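Open the model in your viewer and get ready to click along. We will go from a key term to the core, then out to the loops and the whole chain.

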Amino acid sequence: MGLPQPGLWLKRLWVLLEVAVHVVVGKVLLILFPDRVKRNILAMGEKTGMTRNPHFSHDNWIPTFFSTQYFWFVLKVRWQRLEDTTETGGLAPNCPVVRLSGQRCNIWEFMQG
């Protein structure tokens, strides 16, 4: 297995700080201006078509924004994106793959020498 990208830990630290600030600011805005935040989130939902779902209830969904679970989910996705990109001359991303047999593994497991 190859080594992780140089500086990946520094990039992860930066993403951690970005996501933490995003969640803290969002939580504060949600507390101070709940109606305005609700309108903005619903407007985003209109663009994606999410609010057209008959089972959609903003009262159940909006409080999940800027929660601890939201923080960990966004952090995980952003960290995964860091690992899925490469620079010219750098290592290939260690993406998950599925063998023809159905076994799951990572692409670096195929590296030889």
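A contact here means heavy atoms within 4.5 Å. This is a predicted model, where local features need pLDDT of at least 70 and side-chain atom pairs count only at pLDDT 80 or more, while totals for chains, interfaces and linings use all residues. Residues are numbered from 1 along each chain as its sequence is written, and side-chain values use heavy atoms, with hydrogens and water left out.

**Stop 1: V23 and the core**

Select V23 first. Leaving aside residues up to four places away in sequence, V23 touches F66, S67, Y70 and F71.

Now widen the selection to the largest nonpolar core. Such a core is a set of buried Ala, Val, Leu, Ile, Met, Phe, Trp, Tyr and Cys residues joined through side-chain atoms within 4.5 Å. Buried means under 20% relative accessible area, exposed means over 50%, and partly exposed is in between (1.4 Å probe, protein chains only). Which members touch the most others? Among the 15 residues of this core, they are V19, V23, F66 and Y70. Colour α1 (8–32), α2 (34–48) and α4 (68–83) next, since each of these helices supplies at least two residues of the core. Helices (H or I, at least four residues) and strands (E, at least two) are DSSP runs, numbered from the N terminus.

**Stop 2: F66**

Stay with F66, which sits in the loop between α3 (58–61) and α4. Is F66 buried or exposed? With a relative accessible area of 12%, F66 is buried. Check the backbone too: phi of F66 is near 65°, a positive value in a residue other than glycine. Most residues other than glycine have a negative phi.

**Stop 3: L42 and P34 in α2**

Move to helix α2 and pick L42. Its relative accessible area is 21%, so L42 counts as partly exposed. Show its neighbours: not counting residues up to four places away in sequence, L42 touches T51, F56, H58 and I62. Draw a distance between the C-alpha atoms of L42 and H58, and you should get 7.7 Å for a pair 16 residues apart along the chain.

P34 is also found in helix α2, and at 41% relative accessibility P34 is partly exposed. The C-alpha atoms of P34 and I62 are 9.8 Å apart, with their positions 28 residues apart along the chain.

**Stop 4: R52**

Jump to the loop between α2 and α3 and select R52. R52 is exposed, at 63% relative accessibility. Add R104: the two are 52 residues apart in sequence and 36 Å apart in space, C-alpha to C-alpha.

**Stop 5: the whole chain**

Zoom out and switch to cartoon. How many helices and strands are there? The protein chain has four helices and two strands, in the order α-α-α-α-β-β along the sequence. Its radius of gyration (taken over C-alpha atoms) is 19 Å, well over the 13 Å that the globule rule gives for 113 residues, so the chain is more spread out than a compact globule. That rule is 2.2 Å times the number of residues to the power 0.38. Along the principal axes, the C-alpha atoms fill a box of roughly 60 × 35 × 25 Å.

Before you close the viewer, colour by burial: 22% of the 113 residues count as buried. Of the contacts with a separation of 6 or more, 50% join residues 24 or more positions apart.
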